[in-house]
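The following paragraphs are meant to be read beside the displayed model, moving from the chains to their cores and then to the contact between them.

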Amino acid sequence: MRLIHLKLAARNVRRQPHRTIALGGAMAFSALVMALILGFVNGMDLAIQNNVTLYSGGHVLVSGYTASRSGRLQNRFTDDTVVKIVESTKTDILTVSPIAQSRATVVFGTREIQLMLRGVDWSRDQLYHESLILTEGDWEGLEDSRTMLMSAQTANRFGLAAGDRVIVRLSTASGQQNVTDYKVAAIYDDGAAGGMNTAFVAFGDLAADLNMKSDEQQQIAVFLKNSAAAEEAAQAITAGLSAQGFTVSRGSASNEGALGAATPQDAATPQDASIIPDAFQGAGGVQGGANRRLALGTAVYRISTVQELAGEIGAALGSIRWIGYAVFALMLLVSATGISNSYHMVLLERTKEIGMLRCIGYKKKDVFSSFIWEGILLAGGAALVGIVLALPIGFGIGLIPFDPHGDFGAALIQGHLRFAPTLGQFLLILVFVTTVAIAAVFVPARRAADVVPVEALRKTA
Amino acid sequence: MANSRSMNMKLLNARLTSKLSIVLFGLVLVFSAKAQSGPMGGIGLPPGFLEQNKDYKFPDDITKYTANDFLMLVRRTDIRSSFYNSDMSATISMVTVSPDRGTKTFKQQIFRRDKDDAFLMITLEPESRKGQGMLRVDNNMWRYDPTSRKFTHTTIKDTYENSTVTNNDFRRWQRSIDYSVEKLSSGTLGNYNVIIGELKANNDEVPFPYIKMYIEADRKIVLKVEEYSLSMKLLRTSYYTQYVQIGDSFVPTVQIFQDGLIPEKRSQTTYTDISTKPLPDYYFTKEYLERVSQ
């Protein structure tokens with residue numbers, strides 16, 4: 001490349017401002033749209049992971065199921081070895097906490113609501129202390145026995161405030177009915193928590209309500225320094241448990257018919273499995289057949305990551321991303337057609353100029369290069385403009401509040417869409433737009449290079 | 001002589017061996033049958049469940065009842081209110097009242113084979129629920145949705161249509177198997193003399209860990225059952241206000257279930273068109289439920 005080509009190209013781009021703006025504007029718009037789509041999809045991905053982490057209580061969940069006397073699997077286990085293996089598996093684990101949870105009916109007066117009740121070891125918790133914003137009460141109040149942290153939506157529905165007492169009806173780990181009461185010690189902003197309406201109580205209190213022994217738990221929640229390492233951590237934990245002889249399966253409960261779950265919130269709900277999920281066939285001597293039961297005390301474990309629990313919601317984002325790519329490609333195709341047509345016109349307009357340049361020593365490749373560089377400068381500049389414009393627009397849309405309890409609540413962070421593009425994605429847009437422009441200008445550039453100088457000058461004489 | 005003696009010995013050995021084989025074979029059959037009968041709370045009934053109760057002599061004075069007497073009384077109500085010797089089909093009309101959801105009505109067709117602890121129930125009304133079904137067979141329960149054409153697993157402990165009725169209420173009665181007697185007393189319920197028994201669940205298959213039964217002494221029928229949580233809070237009260245005699249059975253045709261936490265919340269089920277005609281075996285299959293729901 002010679003500097004003269006670049007200078008010539010730059011001059012030509014500036015020479016026809018209206019054409020440049022028209023062509024460049026179309027390409028800039030394509031780049032703008034693509035940058036916005038990619039930025040918001042990234043943001044929603046991040047939000048879903050954060051919210052699912054809140055829903056599930058950790059980045060990796062180890063759920064344990066033990067066969068009862070009747071052979072049914074109950075979501076509970078007592079083996080301390082499992083906890084020790086999990087803790088020793090990875091070095092970037094922040095916390096390993098026991099979790100118990102149950103679908104419960106909260107009753108206040110004549111009103112009732114069904115929600116998830118989760119038992120958390122407050123002394124070891126880091127996730128909720130950092131993530132939840134309390135609108136009433138404080139964390140110290142939750143250290144008392146039989147206290148509850150309730151979502152603002154539930155509290156508003158009942159007209160509850162901190163200090164009120166509610167009755168809770170739930171099923172124990174073996175499926176029997178139990179009724180207890182709790183005092184609402186604090187209320188959290190569910191809008192800032194992805195619309196989650198889970199109520200939190202002390203792990204010991206819920207374990208007692210579920211008729212679990214003091215050393216029993218339903219799940220172990222692993223909270224990592226980096227959520228992106230969840231899959232690696234899950235594999236390491238699976239390998240560690242399998243090496244010690246434990247029966248382990250991978251995946252969220254939504255992958256299992258018998259422990260069926262449709263949402264991330266359901267994915268970790270304890271279920272009284274009356275038949276053995278396919279993943280556990282072969283455990284405890286069972287040789288397949290949906291109606292076989294396990295021997296008393298046989299324990300099986302399932303490991304899920306936050307990405308697996310995000311499951312169907314995350315898959316929908318992949319579809320949005322691909323739709324965005326398709327729209328981008330279509331827009332570029334239209335722009336490329338316009339550029340190609342325009343440069344055919346440019347060729348006709350500059351035939352004499354090209355002839356003059358050839359006469360003074362320009363070679364074919366110099367003419368070709370100057371056209372190509374013109375296309376690169378036009379497209380590259382337009383893409384940059386589009387990307388730069390996307391930033392304030394994207395961040396501006398991020399300021400608009402949305403309903404966190406709506407269908408897309410899980411994809412919001414504190415009720416807002418987050419715009420989170422990456423430099424790599426911007427570079428990709430730039431390269432793609434420029435490549436398309438080069439392809440569009442290629443044919444006119446070749447034709448310009450093939451112009452015979454004498455013929456060019458004679459025609460225009 | 002020696003030959004005939006040895007022949008006799010051989011004959012005797014052969015006879016002893018054949019008799020021993022028959023005895024061993026019989027033992028194998030008995031143990032196999034017991035092994036297949038399943039757990040106590042499952043399909044099988046304990047040996048002598050029906051026979052032992054037939055001629056049981058109850059004390060005339062209700063204050064003299066022992067725990068075993070009461071358990072046999074409960075068994076008597078189980079046997080008389082269920083159909084252990086035949087199949088049963090009926091139409092159920094259900095009305096649920098809730099402060100949040102208002103009043104709803106349902107109509108279902110139920111088919112039961114109590115000796116196998118199996119039943120099939122198909123919703124007829126309302127139109128939005130028509131075709132939905134529930135099947136219990138081989139100690140498993142399934143819900144069927146004709147819209148999605150999917151079976152989902154459920155249990156007898158789950159509530160039915162978010163009402164005060166549980167799936168267990170559509171099943172045969174077997175409280176004498178699932179509970180043991182903790183305490184006895186006597187009293188009156190309205191105009192009736194009743195024996196009051198406090199029972200505790202002896203397995204985790206039943207929804208309520210503790211119940212209190214009020215059984216009328218004269219007719220030996222259950223009038224009321226209070227159902228308690230693990231923490232001994234009243235969860236539900238069931239009233240059996242009307243019985244119909246069908247053969248040797250006394251079937252509770254009107255049952256009222258009142259929520260213990262929200263008294264305004266209650267449900268009533270009414271059984272009509274009760275028939276004991278034999279039912280084909282294929283009625284209690286998923287394939288039949290799927291076919292008839294369409």
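How many helices and how many strands does the secondary structure of chain A come to? In this predicted model, the secondary structure of chain A comes to 13 helices and 12 strands. Chain A has 461 residues, of which 50% are buried, and when its contacts with a separation of 6 or more are considered, 79% of them involve residues 24 or more positions apart. For chain B, the corresponding description is of 5 helices and 13 strands, with 35% of its 294 residues counting as buried. Among the contacts in chain B between residues at least 6 apart in sequence, those that join residues at least 24 apart account for 47%.

The interior can be approached through the largest nonpolar core, which has 131 residues and in which A:Met27, A:Ala31, A:Ala35, A:Val222 and A:Val433 touch the most other members. Helix H2 of chain A, spanning residues 17-56, gives the most to this core, contributing 19 residues. Both domain 1 (3-51 + 313-460) and domain 2 (58-309) of chain A are represented in this core, each by at least three residues. In general terms, nonpolar side chains tend to be buried together in soluble globular proteins.

A:Val433 offers a local view: once its neighbours within four places in sequence are left aside, A:Val433 is in contact with A:Met27, A:Ser30 and A:Ala31, and also with A:Leu332, A:Ala379, A:Ala382 and A:Ala383. Apart from the largest core lies another one, of 25 residues, and its members include B:Ile62, B:Leu71, B:Tyr179 and B:Ala201.

Returning to chain A, one may ask which residues of helix H3 (residues 80-89) are buried. They are A:Val82, A:Ile85, A:Val86 and A:Thr89. Seen down the axis of H3(A), these buried residues fall within an arc of 100 degrees, and they therefore line one face of the helix. The elements of chain A against which the buried residues of H3(A) pack are strand E1 (60-67), strand E3 (93-108), strand E10 (219-224) and strand E12 (299-305), together with helix H7 (230-243).

It remains to consider how the two chains meet. Here 24 residues of chain B are in contact with 24 residues of chain A. On the side of chain B that touches chain A, the residues divide into 9 nonpolar, 8 polar and 7 charged.

Technical notes: Residues numbered from 1 in each chain as written. Chains lettered and ligands numbered in written order. Predicted model: local features only at pLDDT ≥ 70, side-chain atom pairs only at ≥ 80, totals over all residues. Contact = placed C-beta atoms within 7 Å. Nonpolar A, V, L, I, M, F, W, Y, C, P; charged D, E, K, R; others polar. Core = buried A, V, L, I, M, F, W, Y, C linked by C-beta atoms within 7 Å. Buried ≥ 20, exposed ≤ 12 C-beta atoms within 10 Å, placed from the backbone. Helix = DSSP H or I, 4+ residues; strand = E, 2+ residues; numbered from the N terminus. Domains from an automatic or database assignment. Arc of directions from axis to C-beta.
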